[in-house]
Amino acid sequence: MEVTKVLDAKGLACPMPIVKTKKAINELEAGQILEIHTTDKGAKNDLAAWAKSGGHELLKHEEENEVLKFWIKKG
């Protein structure tokens, strides 16, 4: 997977990870991939719902050392 941009949203509480994700994805071209790192547990549901509603694709997510990582492909 070729990541275009990595967003560090660790330590931020809801809704800031979504706000920062929206800003970052607006800087990408369609088809490019944004990798997001966050420690906000609510982001799992929030980012999935946000990606779907925005026409983007949540490729995968995983948790590593209490950091949630998401990969979203811009629609």
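A polar contact here is a pair of N or O atoms within 3.5 Å, and that cut-off is handy for the first view of this predicted model.

**Figure 1. Lys-74, a buried lysine without a salt bridge.** Welcome to the segment after strand S4 (67-73), which is where Lys-74 lies. The side chain of Lys-74 reaches two backbone oxygens: that of Ile-25 at 3.0 Å and that of Leu-28 at 2.8 Å. Both pairs count as polar contacts because the limit is 3.5 Å. Which side chain of opposite charge is nearest to Lys-74? It is Glu-29, 7.0 Å away, and a salt bridge would need a nitrogen within 4 Å of a carboxyl oxygen, so this pair does not qualify. Leaving out residues up to four places away in sequence, Lys-74 touches Ile-25, Asn-26, Leu-28, Glu-29, Ala-30, Gly-31, Gln-32 and His-56.

**Figure 2. Gly-75, also in the segment after S4.** Here we look at Gly-75, which is exposed, with a relative accessible area of 57%. When residues up to four places away in sequence are not counted, Gly-75 touches Ala-30, Gly-55 and His-56. The C-alpha atoms of Gly-75 and Glu-29 are separated by 8.7 Å, although the two residues are 46 residues apart along the chain.

**Figure 3. Glu-35, a buried glutamate in strand S2.** Take a look at the surroundings of this acidic side chain. Glu-35 has no salt bridge, and Lys-69, the nearest side chain of opposite charge, is 5.1 Å away. That distance falls outside the salt-bridge limit, because a pair must lie within 4 Å to count. What joins the side chains of Glu-35 and His-37? The link is a polar contact of 2.6 Å. Apart from neighbours within four places in sequence, Glu-35 is in contact with Val-3, Lys-5, Val-6, Leu-7, Phe-70 and Trp-71.

**Figure 4. A salt-bridge network of Lys-5, Lys-23 and Glu-27.** The model has six salt bridges in total, and this view shows three residues that they link in a network. Within the network, the side chains of Lys-23 and Glu-27 meet with N and O 3.8 Å apart. How accessible are these two partners? Lys-23 is exposed, with a relative accessible area of 57%, while Glu-27 is partly exposed at 46%.

**Figure 5. A salt bridge between Lys-41 and Glu-63.** The closest N and O atoms of this pair are 2.9 Å apart. The pair links distant parts of the chain, with the two positions 22 residues apart in numbering. Lys-41 is in the loop between strand S2 (33-38) and helix H2 (43-53), and Glu-63 is in strand S3 (residues 57-64). Glu-63 is partly exposed, with a relative accessible area of 45%.

**Figure 6. Lys-60, with a carboxylate partner and an aromatic ring.** There are two things to find around this lysine. The side chains of Lys-60 and Glu-62 meet in a salt bridge, with 3.5 Å from N to O. The charged end of Lys-60 also sits over the ring of Trp-71, 4.9 Å from its centre. Both salt-bridge partners are partly exposed: Lys-60 has a relative accessible area of 37%, and Glu-62 has 29%. How many aromatic pairs does the model contain? The count is zero.

**Figure 7. The cis peptide bond from Cys-14 to Pro-15.** Most peptide bonds are trans, which makes this spot worth a visit. The omega of the bond from Cys-14 to Pro-15 is near 5°. Pro-15 lies in the loop between strand S1 (5-9) and helix H1 (16-26).

**Figure 8. Positive phi at Asn-65 and Glu-66.** Most residues other than glycine have a negative phi. Where do Asn-65 and Glu-66 lie? Asn-65 is in the loop between S3 and S4, and Glu-66 is also in the loop between S3 and S4. The phi of Asn-65 is near 50°, and that of Glu-66 is about 65°. Are these two residues buried or exposed? Asn-65 is exposed at 72% relative accessibility, and Glu-66 is exposed at 60%.

Definitions and conventions
Residues are numbered from 1 along each chain as its sequence is written. This is a predicted model: local features need pLDDT of at least 70, side-chain atom pairs count only at pLDDT 80 or more; totals for chains, interfaces and linings use all residues. Side-chain values use heavy atoms; hydrogens and water are left out. Buried means under 20% relative accessible area, exposed over 50%, partly exposed in between (1.4 Å probe, protein chains only). Helices (H or I, at least four residues) and strands (E, at least two) are DSSP runs, numbered from the N terminus. Lys and Arg count as positive and Asp and Glu as negative; His and the chain ends are not counted. A polar contact is a pair of N or O atoms within 3.5 Å; within protein, one must be able to donate a hydrogen and the other to accept it, and residues adjacent in sequence count only if both atoms are side-chain atoms. Contact means heavy atoms within 4.5 Å. Rings of Phe, Tyr and Trp (its six-membered ring) pair if their centres lie within 6.5 Å; planes under 30 degrees apart count as stacked, over 60 as edge-to-face and the rest as tilted. A charge sits over a ring if NZ of Lys or CZ of Arg is within 6 Å of the ring centre and within 35 degrees of the ring normal.
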